Amino acid sequence: MLRKILEFGLTMTLKWSENCGKAIKKAMSVLGMIKRTFNVIDCHTFKILYKTYVRPHLEYCIQACSPYFKKDINCLERVQQRATKLVRSLRKLPYEKRLEALDLYSLERRRIRGDLIETFKILTRKDNVNYETFFTMARTGHLRGNSLKLFKGRARLEVRKHFFSQRVIEAWNKLPDEVVKAESVSKFKNCLDKWMN
């Protein structure tokens, strides 16, 4: 079992740097193949190619192994920065403007969004998981924000602070009631995107 975990990219120190390195290497090789295959890439074609062949490598199993070192976060983001330059008409624009033109978000924002969506699925039993495995509901009812607030326990170890069940709580507790009380996952995503924007 330990060998399988280590093969996946988790080191003995419970850090995901090696996993990030592997993901970056795969994504960059796919980017290279796209660059060699297509002479001209417009915005529409880029979005299809990037979302289908590149981004899945950067986001594989991200709820389980989300990077938390700045160097890993920056390395992953640089892959998307480089990818957006494949669209020749956007090449000279700053990264934020390229994302805006392509209707994309930064990978860091997508990771937060993914955590919140997964939390919604767990708390509303859309996933077949007992939410008590991950979360404890906050006991006080007079807190500002939403009515599904989660309790954040103390984490003794630095690595524990970055586990999914710990890192998502702060972002979740900031959500307004109309977002967390959405009837479906798609409605939650729409409300979340509006609130995040």
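So, contacts first: if you take the contacts in this protein with a separation of 6 or more, 62% of them are between residues 24 or more positions apart. Keep in mind that this is a predicted model. Buried residues make up 37% of the 197 residues here.

What does the fold consist of? Nine helices and zero strands. Reading from the N terminus, the order is just α-α-α-α-α-α-α-α-α, which at least makes the topology slide quick to draw.

Okay, the cores. As a bit of background, nonpolar side chains in soluble globular proteins tend to be buried together. In our model the largest nonpolar core has 23 residues, and the ones touching the most other members are I34, F46, Y50, V54 and L58. Which elements give two or more residues to this core? Those are α2, residues 17-37, then α3, 43-59, then α4, 70-84, and α5, 95-102. The top contributor is α2, with six residues.

Let me stay on I34 for a second. Leaving out residues up to four places away in sequence, I34 touches I41, L49, V54 and L86. There's also a second core, separate from that one, with 20 residues, including L116, V168, L175 and V180.

Now, helix packing, and I've got two pairs to show you. Pair one is α2 with α3. Their axes come within 7 Å and cross at roughly 160°. Anything over 145 degrees counts as roughly antiparallel, so α2 and α3 are roughly antiparallel to each other. The crossing of α2 past α3 is right-handed. If you want to click through the contact, on the α2 side pick A23, I24, K26, A27, V30, L31 and I34, and on the α3 side L49, Y53, V54, H57 and L58. By type, that contact splits into ten nonpolar residues, one polar and one charged. You'll recognise I34, V54 and L58 from the list of core residues with the most touches.

Pair two is α6, residues 107-123, with α9, residues 185-196. Here the axes come within 11 Å, and the crossing angle is roughly 140°. That angle makes α6 oblique to α9. And the handedness? Right-handed for α6 and α9. From α6 you have R109, I112, R113, L116, I117, F120 and K121, and they meet V185, F188, K189, L192, D193 and M196 from α9. The residues in this contact come out as eight nonpolar, no polar and five charged. L116 is in that contact, and L116 also belongs to the second core.

Last topic, backbone. Most residues other than glycine have a negative phi. Where do we find a positive phi in a residue that isn't glycine? One case is D103, with phi near 60°. D103 is in the loop between α5 and α6. Is D103 buried or exposed? Its relative accessibility is 56%, so D103 counts as exposed.

The other case I brought is R125, where phi is near 60° too, again positive and again not a glycine. R125 lies in the loop between α6 and α7, and α7 is residues 164-174. With 54% relative accessibility, R125 counts as exposed; the cut-off for that is over 50%.

To wrap up, then: nine helices, a largest core of 23 residues with a separate one of 20, and two helix pairs with right-handed crossings, α2 with α3 and α6 with α9. Happy to pull any of those up on the screen.

How values were computed
Residues are numbered from 1 along each chain as its sequence is written. This is a predicted model: local features need pLDDT of at least 70, side-chain atom pairs count only at pLDDT 80 or more; totals for chains, interfaces and linings use all residues. Side-chain values use heavy atoms; hydrogens and water are left out. A nonpolar core is a set of buried Ala, Val, Leu, Ile, Met, Phe, Trp, Tyr and Cys residues joined through side-chain atoms within 4.5 Å. Buried means under 20% relative accessible area, exposed over 50%, partly exposed in between (1.4 Å probe, protein chains only). Helices (H or I, at least four residues) and strands (E, at least two) are DSSP runs, numbered from the N terminus. Contact means heavy atoms within 4.5 Å. Axes are lines fitted to C-alpha atoms, for helices over the stretch in contact, and angles run from 0 to 180 degrees between N-to-C directions. Angles under 35 degrees count as roughly parallel, over 145 as roughly antiparallel, 65 to 115 as roughly perpendicular and the rest as oblique. A crossing is left-handed if the near helix is turned anticlockwise from the far one by less than a right angle, and right-handed if clockwise. Ala, Val, Leu, Ile, Met, Phe, Trp, Tyr, Cys and Pro count as nonpolar, Asp, Glu, Lys and Arg as charged, and the others, Gly among them, as polar.
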